[in-house]
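The following questions and answers go through a model step by step, from the overall fold down to single residues. Please keep the sequence and the structure in view while reading.

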Amino acid sequence: AGLCVGIVFTFMTLQTLLVLWPLFVKRHYGWGDHEFSLLLLGESVASAAALALSPILQARFGTRYPRAFALALGSLAAGAAFLPQEGARHAFWHVAASLGVVFGVMLCDPGLQAEASLCLPRRHHGRVFGLFSSLKAIGGMLGNRVGTVLYASSL
């Protein structure tokens, strides 16, 4: 049950970030489409780096420590990313923290799946990974709702 909640929460956090990003950077930093497209490129690079690094960290440290690090990084970065501060220097910290959220979530996901695969018999793997996909989708839907509510309440 805790694993399921963790998956929903991580993907809800990621989706909330993606919903709030264009609204936040436009309002606080005056960014347009071009700057936001660069931000999305950074998001893709952070995701790819986390997914490439995950198996290396799991081989060296197991699944528990990289997952704990990823969750801590994602949580701290999520708190720092949306502190409303104006100016180019603060925009840099916003981008760095936002990419930290993406990196943390994407680093955590393979660890959660690896942990589940180690805890269950092989015959249940297909069902469990189907459940994971459903939980990620639920997290994404909740993230859309949470993101819009948070933004509306901040106005």
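Helices and strands are taken here as DSSP runs, with at least four residues for a helix and at least two for a strand, numbered from the N terminus. The model is a predicted one.

Q: How many helices and how many strands are there in the chain?
A: From the N terminus on, the elements run α-α-α-α-α. The count for the chain is therefore, with runs assigned as defined above, five helices and zero strands.

Q: What is the radius of gyration of the chain, and how does it stand against the globule rule?
A: The C-alpha trace spans about 50 × 30 × 25 Å along its principal axes. For 155 residues the globule rule gives 15 Å, and the chain comes close to this, so it is as compact as a globular protein of that length. The radius of gyration of the chain is 16 Å.

Q: Which helix supplies the largest share of the largest nonpolar core?
A: In soluble globular proteins, nonpolar side chains tend to be buried together. Here the largest nonpolar core has 33 residues, and those with the most contacts inside it are Trp31, Leu39 and Val102. H1, H2, H3 (64–81), H4 (88–119) and H5 (125–154) each supply at least two residues of this core. The largest share, twelve residues, comes from H4.

Q: At what angle do the axes of H1 and H2 cross?
A: Two packed helices are described by the angle between their axes and the distance between the axes. The axes of H1 (residues 2–29) and H2 (residues 33–61) come within 11 Å, and H1 passes H2 in a right-handed crossing. The angle between these axes is roughly 145 degrees.

Q: Which residues of H1 and H2 make the contact between these helices?
A: The residues of this contact divide into seven nonpolar, no polar and one charged. With Glu counted as charged, the charged one is Glu43 of H2. The contact is made on the H2 side by Phe36, Leu39, Leu40 and Glu43, and on the H1 side by Leu18, Trp21, Pro22 and Val25.

Q: Is Ser54 buried or exposed?
A: Ser54 has its place in helix H2, and, leaving aside neighbours within four places in sequence, Ser54 is in contact with Leu107, Pro110 and Gly111. The relative accessible area of Ser54 is 2%, and since the cut-off is under 20%, Ser54 counts as buried.

Conventions. Residues are numbered from 1 along each chain as its sequence is written. This is a predicted model: local features need pLDDT of at least 70, side-chain atom pairs count only at pLDDT 80 or more; totals for chains, interfaces and linings use all residues. Side-chain values use heavy atoms; hydrogens and water are left out. Axes are lines fitted to C-alpha atoms, for helices over the stretch in contact, and angles run from 0 to 180 degrees between N-to-C directions. A crossing is left-handed if the near helix is turned anticlockwise from the far one by less than a right angle, and right-handed if clockwise. Contact means heavy atoms within 4.5 Å. Buried means under 20% relative accessible area, exposed over 50%, partly exposed in between (1.4 Å probe, protein chains only). A nonpolar core is a set of buried Ala, Val, Leu, Ile, Met, Phe, Trp, Tyr and Cys residues joined through side-chain atoms within 4.5 Å. The radius of gyration is taken over C-alpha atoms; the globule rule is 2.2 Å times the number of residues to the power 0.38.
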